[in-house]
Structure formats: C-alpha cells, structure tokens
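Reader: I'd like a close look at one part of this model, please, and then whatever connects to it. Take your time with the answer.

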Amino acid sequence: MTPGTESNPLRVAIIGSGPSGFYAAEALQKQKALVVQIDMFERLPTPFGLVRGGVAPDHHKIKSVTKVYDRIAANPNFRFFGNVEFGKDITHADLVAHYHQIIYATGAQTDKRMEIPGEDLPGSHAATEFVGWYNAHPDYRDLTFDLSQERVAVVGNGNVAMDVIRILAKTQKELYATDIADYALEALMRSKVKEIYVLGRRGPAQAAFTNPEIKELGELADADVIVRPEDVELDPLSREWLMQERDRTAEGNVQTLTRYAHFKNGAHTKSRKIYMRFLVSPVEIIGKDRVEAIKIVKNQLVRAEDGSLRPRPTGEYETIPVGLVFRSIGYQGVPLPGVVFDERSGTIPNQQGRIVDPATNQPVTGEYVVGWIKRGPTGVIGTNKPDAQETVNMMLEDAASGRVLNPTAPSRSQIEELLLKRLLTYVTYEDWQILDDIEQTYGQALGRSRLKFSRVAEMLDALAERKQAARVERVAGD
Ligand code: NAP
C-alpha cells in the first residue's frame, strides 16, 4: 500500500538540522496530500547547523530565524534526535530499514584549500575553524589562534571573510553582549591584532561580499577600512561587464569601496586597520616554524570562455609580513558513508534533489538532498527554502507513484528502540529547549544574549541535572 495515510504514514528521515533540513520539514508539513512523520537526526546535541555554529555572533537578528524552526519542531509528527551521528550511531542500512524516504541535509562541513606551499604552517588556519571556535562549536573548542600577532591576512572576500574580519576587529564593548563563546571573547580581548589584509583575487566589481557586509565594516567602533584609490579604479573589462550586467550587488559594493578609497587622507585614526586589497592571489605562505609572511602575485582579469572574468597572474610579486593567515575561500562538502558523492564538486549528485547514482545515471530510490550538500556552498539562509521545496516536490511525486523505500520496521517506536538498544543518549527537541533556556538564563545574568555550551559532555550533564531536579520537584509535589 502506498504510504501517506493515518494508518500508514510516509516516514521520512532528515539527516542534519540546519536551515535546509528544517525547510524540507516545513515543506513536507505544508502539503496536505499525505500524512508524513518526520524524524530529524543531528550529530550534535544542539540543532540549527550553521545558524548556531556559523552565523557570526554579532548578527543576532539573523539567528531569530530559529523561531520558525521551533514552530516546525512543535508539530506532533516531528521528532528530533540530537547527539546521533549518521554513519556511526545510525547507519544508512538502519535508515533504509525504518523509513520510506531519506533526506541528507548535512551541509558542507569542511573548507577548501589553497594548495600553495606553507599552507599547513602553524598560524595558517581555515576561516571555518576560527568561525567554529568563536561560535562554541564542540569540534573546534580546543583550537588555539595566536592572537599575539599584530598582522593578519584573510584570503578571499566572501561574507565569511567579512565575519572573520569583524570578529578580529571589534572591541570588547561591541562583542560582549553577543553570544560569542566566552573563551573566544576572553582571547580576543587580549588580541594584539592591528592590521588585517583582505586579499581578493579579482577586482572590486567581482568581490564576493554583499552590500550590507561591506558597509558594516565601515561602521566599526575602532577599526578603519583602507582602500587604495588605484584599487577601485575599474579595469576596462570590469567597467564593460558592470555596464552590461547592471549587477546591483556589484554596483553597490564598488560604490561603498569608492567611498572608503576617497575617505579624507589622515582621517584614519582608529587603532585597527583593515586593508582591502584586490587582484592579488597568495602563492606561498612563508615561515620557518610558523607563518611569518604571505607572498602574493598581482593578477589581471581576463575573459573566460563562459564570459566570466577570471584572474590571471601577472608575474609581479609582493610579500606582506603577517603572523596569522585565515583562508576564507569557501566551504566543501564531505562524503557520507553509504551515499554516492561527487568529489569534484563536493556534493551528492542529484537532479532537482533526487539523488542520482553516477554509475547508472538513475535515481536512487527514496534518497534526496537539500542545501549545500545538494547545490554547493552558496547562498544565504533563505536560499534554502526554495531549494528544499524543489526537493520535496520530487519526493511527493515519487511517493504518489509508489517510488519509495520499503522499510521492514516502519513504526515510530522502532527507531527509538534501536537507539536505546545501542545505549545512545539522544537529545529530544524538548531537551534542546532546556539547554537553550540554561544558555539564555546564564548569559542574560551576565548581560549577554546567551552563554553557549561548547562541550557535548557539559551539555549532557547539564541536561541530566536539570531533568533530575525537575523529577525531584515532581516527586516532592506528589
Ligand atoms: P564565497 O562567498 O564563495 O567567497 C569565497 C571567496 O574566496 C571569494 O572571494 C572567492 O573569489 C575566493 N576564492 C575562492 N578560491 C580561491 C583561491 N583559490 N584563492 C583565492 N581566493 C579564492 O564563500 P564564503 O564566504 O565561504 O560564503 C559561503 C556562502 O555563505 C556565501 O553564499 C555567503 O554569502 C554566505 N554567507 C552569508 C553571510 C551573510 O548573509 N551575512 C555570512 C556568511 C556567509 P572568487 O569570487 O574569485 O571565486
């Protein structure tokens, strides 16, 4: 019998609890044709993926999107299983045995590499590690960054680079009220960083940041943005491209950068300086035992076959002495055990969200993708909404024609039994709300928006303690 009825609901597993996973759940909840039961699995005890572990602490408003996710999670046909890792605690075979459809929403969990000499010297880091560290992500909790260095290079000029720069350049006053990890706040307050070099490999018209982010850099309390007037002079190809495309973001970026470039000479009086450089690519990170400098080559833009403007090295080099390097050149997806993967793009091969086996070019029955692991690491949180809807449309089409998995253990309790049999301490959504409450209460007592847990053991201990206290209170009240 085709699933999707009260007596035989369509059982869907979602792996990953970031925005794309939640929007997939929402799209499934919004359709009215089928009864759908959703179980969301998350490796960490805490949900929300990059909204918790990636969005910058000073972008508090963006994080309020989790209110929508709370509403999705409140649906009685939705369950959250946190602290359950796909491939370790629960396998592909387990999901096939328990669900009609599986959605992978695992994002892009690692970073791209520059593949240049010196990239692995101490002091050279992926921006993603720094981001995880200041956001209290348990995987990055114990990393250290040598903030006694005065000069830092940030490679790439996307919005992640902008986040990293702001966190390096903001004052204690600017960061204190945020939910930045307490240990990161402490380390940043001792920071000696004075100069930040932002290295974009193409010109100002091709910068990857968006208008609000570049404007925000100009509003920092104690950091100046410095752009050399010659760097905002557009080359003929960029001028022509901008005239033709009328790309609003690019136009806005060039305008803001031009304003920075013509800022009155001598007016840069703040303690920290952010130097925005364009048309330069790192070719080597120099240092004996640690990063001492970064060697860059000047680029010129050339038109590629697809019409885009690409950087080409000119052979003119420059060395900037820096003690820290953050490469912020994009995230990269990682393969999941038992699931097909395209190494080149770092995504799961799919057609409109239906996973496709590259060996046969046929859809893999019952398996789907959403978000960055589907389309690559681009777009903002909202981009995931239409992306997830597209996948869900395919799922509903397949369900209607009976192209679903045939689980041997499809009842709701069976997956819980399996997890309990494996002695897994899974975290429910109600449990997460307790953790959420603890974090906010502790934070607000200190005048901060939240004090984040950064270790899984601490989260589980705090939860057990709070639940025990509630039990004692209940018994005392009986
Ligand atoms: P991104 O926007 O793709 O930017 C990557 C940057 O790295 C670009 O400047 C790119 O230059 C450069 N790059 C790539 N390979 C390079 C190489 N080998 N050498 C030198 N430079 C290289 O990536 P992201 O900053 O990681 O952001 C990911 C997504 O999240 C984006 O869609 C972003 O808008 C979004 N995000 C949004 C916010 C926000 O809304 N505030 C915050 C954070 C992230 P080219 O352009 O020349 O390739």
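Which residues lie nearest the centre of the second largest pocket, and how many residues line that pocket?

Author: Happy to. Keep in mind that this is a predicted model. The second largest pocket has a lining of 17 residues, and the ones nearest its centre are Lys63, Thr66, Asp436, Gln440 and Arg450. Helices H2 (50-53), H3 (60-63), H4 (66-73) and H17 (429-445) are the elements that each put two or more residues into that lining. H17 is the top contributor, with four residues. As for volume, you're looking at about 370 Å³ of space.

What about the chemistry of the wall? Sorted by class, the lining comes out as eight charged, six polar and three nonpolar residues.

Now stay with Arg450, one of the residues nearest the pocket centre. Its side chain meets that of Glu439 in a salt bridge, at 2.7 Å from N to O. Arg450 sits in the loop between H17 and helix H18 (456-477), while Glu439 belongs to H17 itself, so this pair ties together parts that are eleven residues apart in sequence. Neither partner is out in the open: Arg450 has a relative accessible area of 15%, so it counts as buried, the cut-off being under 20%. Glu439 is buried too, with a relative accessible area of 1%.

Go to the other side of H17 in sequence and there's a backbone oddity to check. Leu423 lies in the loop between helix H16 (412-421) and H17. Its phi is positive, about 60°, although Leu423 is not a glycine. This residue is exposed, at 75% relative accessibility.

Leu279 makes a good companion case. Leu279 also has a positive phi without being a glycine, here about 55°. You'll find Leu279 in the loop between strand E10 (272-277) and strand E11 (280-286). Unlike the exposed Leu423, Leu279 is buried, with a relative accessible area of 16%.

Strand E10 brings us back to salt bridges. Arg277 lies in that strand, and it forms a salt bridge with Asp231, where the closest N and O atoms are 3.9 Å apart. That value falls inside the 4 Å cut-off for a salt bridge. Asp231 is in helix H11 (residues 229-232), so the pair ties together parts that are 46 residues apart in sequence. Both ends are buried: Arg277 has a relative accessible area of 8%, and Asp231 has 9%.

For a pair with an exposed member, try Glu251 and Arg246. Their side chains meet in a salt bridge at 3.0 Å, N to O, and Arg246 is exposed, with a relative accessible area of 53%.

Those pairs belong to a longer list, since the count for the model comes to 40 salt bridges. Some of them join up: Asp58, Asp163, Arg166, Lys170 and Glu216 are linked in a network of salt bridges.

The last residue of that network, Glu216, has a number that falls within helix H10 (residues 211-217), and Pro212 is found in that helix as well. Pro212 is exposed, with a relative accessible area of 54%. If you want a distance to check in your viewer, the C-alpha atoms of Pro212 and Asp306 are separated by 29 Å, and the two residues are 94 apart along the chain.

Key. Residues numbered from 1 in each chain as written. Predicted model: local features only at pLDDT ≥ 70, side-chain atom pairs only at ≥ 80, totals over all residues. Heavy atoms only, no water. 1 Å grid on protein atoms, 1.4 Å probe; cavity = no way out; pocket = protein on both sides within 12 Å on 5 of 7 lines; lining within 4 Å. Points joined across faces, edges and corners; volume = space filled by probe spheres on them. Nonpolar A, V, L, I, M, F, W, Y, C, P; charged D, E, K, R; others polar. Buried < 20%, exposed > 50% of the residue type's maximum accessible area, 1.4 Å probe, protein only.
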